[in-house]
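Let's take a look at how the strands and helices of this chain are put together. Here is the model.

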Amino acid sequence: MKDELIKRFTSYVKVDTQSNENSNTTPSTPGQLKLAELLSEELKNIGMTEVEIDENGYLMATLPSNTNKNIPTIGFLAHVDTATDFTGKDVKPQVIENFDGEDIVLNKEKNVVLSAKEFPELPSYKGHTLITTDGTTLLGADNKAGIAEIMTAMNYLIQHPEIEHGRIRIAFTPDEEIGRGPHKFNVPRFDAAFAYTIDGGPLGELQYESFNAASAKVTFKGNNVHPGTAKNKMINSAKLAADFIKKFPEKEAPEYTEGYEGFYHLISINGDVEHTEVYYIIRDHDRNKFEARKKTVKSYVQEIKEKHGEDSVSLELKDQYYNMRDKIEPVKEIVDLAEDAMKNLNIKPIIEPIRGGTDGSQLSYMGLPTPNIFTGGENFHGKYEYISIDNMEKATKVIVEICRLFEERN
């Protein structure tokens, strides 16, 4: 199984599938469709049925039931795109067998080192087979590890018909990293009672709570006049933006928060004297606190208007997704199923809220309850990203065990 996972994963990460939030197409980039087409052929070759890519690049397939029992259909999902935070072009994965637990020189020429001092969890992987970047790109384990694990699990079930299971549906989706993953996902076509995204991080992660999320684009309008004659005429939009940013509580930012603590996150500032745009994301697990945070942003905007004029600032505030706990808790047995599958494999479940969102956040509100399961990866979205093949194998076995255990219980 390990060799199969290495072969699949290292081939997938070499396809550039970074999404692009400035694109209006679905998928937002051609590389995503390229990978979906490659996966489609692989699915047909291993014996999956109903293999279809729709007009928006959503790939779905079926593993038919091999039991006489009439039980609900389970789904498993992963996304084909990689993050926009760091380049995903020309990924050169490095396989390190029997890791010695010491610092890893990712790129000698550029002096890029994956160190235990910066990443204290690294020595715990001693003895594992790791896959790292070459220090110049992200790796793409988020979420190509999930794809490889689902593919390998389906192939394992096909090769081991003695493991009884119900009907299984899988889907590989585009544009999760830019928040659009479920936007054109056809839940009735997928036809599953519930599903799991294989899109988590370290071993044992099992998540059914996510943030409530919103974005805030704040545009400041200034008046540029030659600085030599600017008195009582110039309005510096960049300074208005700075005044706005100062209003936010310093400690309610990602770098100061953890667990269930929400935050305001300043993503970007772009502008000059005449025109400045500030982009924030707003996050909180508690719905009431989330709504209060949005009101706070609106109040800060109003303060700028009262001080500098109604036309000095405008706000675009948009909800992105909501805490999937509200939709999954009524069917908590699907979380319990995954938890028991892990325990059966001697994996300690780590049930903690996601400090982010997955496709499951939106899918759960679309009628498909979808918790999230680990992939085995660390340090997603950057050059220090790596993954343990040993833990990828465990994630694959969790998928298989969920299918087996669900059949046994029904």
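What follows is a short tour of two sheets and the helices packed on them, in a model that is predicted.

## The eight-stranded sheet

Start with the open sheet of eight strands, whose order is 1-2-8-3-9-16-10-15 and whose pairing is mixed. Its edges are strand 1 (49-53) and strand 15 (350-351); each has a single partner strand, so one side of each lacks a neighbour in the sheet. Further in, strand 2 (residues 59-63) and strand 8 (residues 168-173) run antiparallel, joined by five bridges. One place to spot this pairing is A61, whose bridge partner in strand 8 is I170.

## Helices across it

Helix 2 (residues 30-46) lies across strand 1, strand 2 and strand 8, and runs at about 170° to strand 1. Helix 10 (residues 389-409) lies across strand 3 (74-79), strand 8, strand 9 (194-198) and strand 16 (372-373), at about 165° to strand 3.

## The four-stranded sheet

The other open sheet has four strands in the order 12-13-11-14, paired antiparallel. Strand 12 (263-271) and strand 14 (313-321) are its edge strands, each pairing on one side only. From one strand to the next, the twist averages 15°. Strand 11 (residues 212-221) and strand 13 (residues 275-284) share 10 bridges in the antiparallel sense, with A213 opposite R283 of strand 13.

Two helices pack here. Helix 5 (residues 237-246) touches strand 11, strand 12 and strand 13, and its direction makes about 20° with that of strand 13. Helix 6 (residues 287-308) touches strand 11, strand 12, strand 13 and strand 14, with its direction at about 170° to that of strand 14.

Notes. Residues are numbered from 1 along each chain as its sequence is written. This is a predicted model: local features need pLDDT of at least 70, side-chain atom pairs count only at pLDDT 80 or more; totals for chains, interfaces and linings use all residues. Side-chain values use heavy atoms; hydrogens and water are left out. Two strands pair if DSSP finds at least two bridges between them. Contact means heavy atoms within 4.5 Å. Axes are lines fitted to C-alpha atoms, for helices over the stretch in contact, and angles run from 0 to 180 degrees between N-to-C directions.
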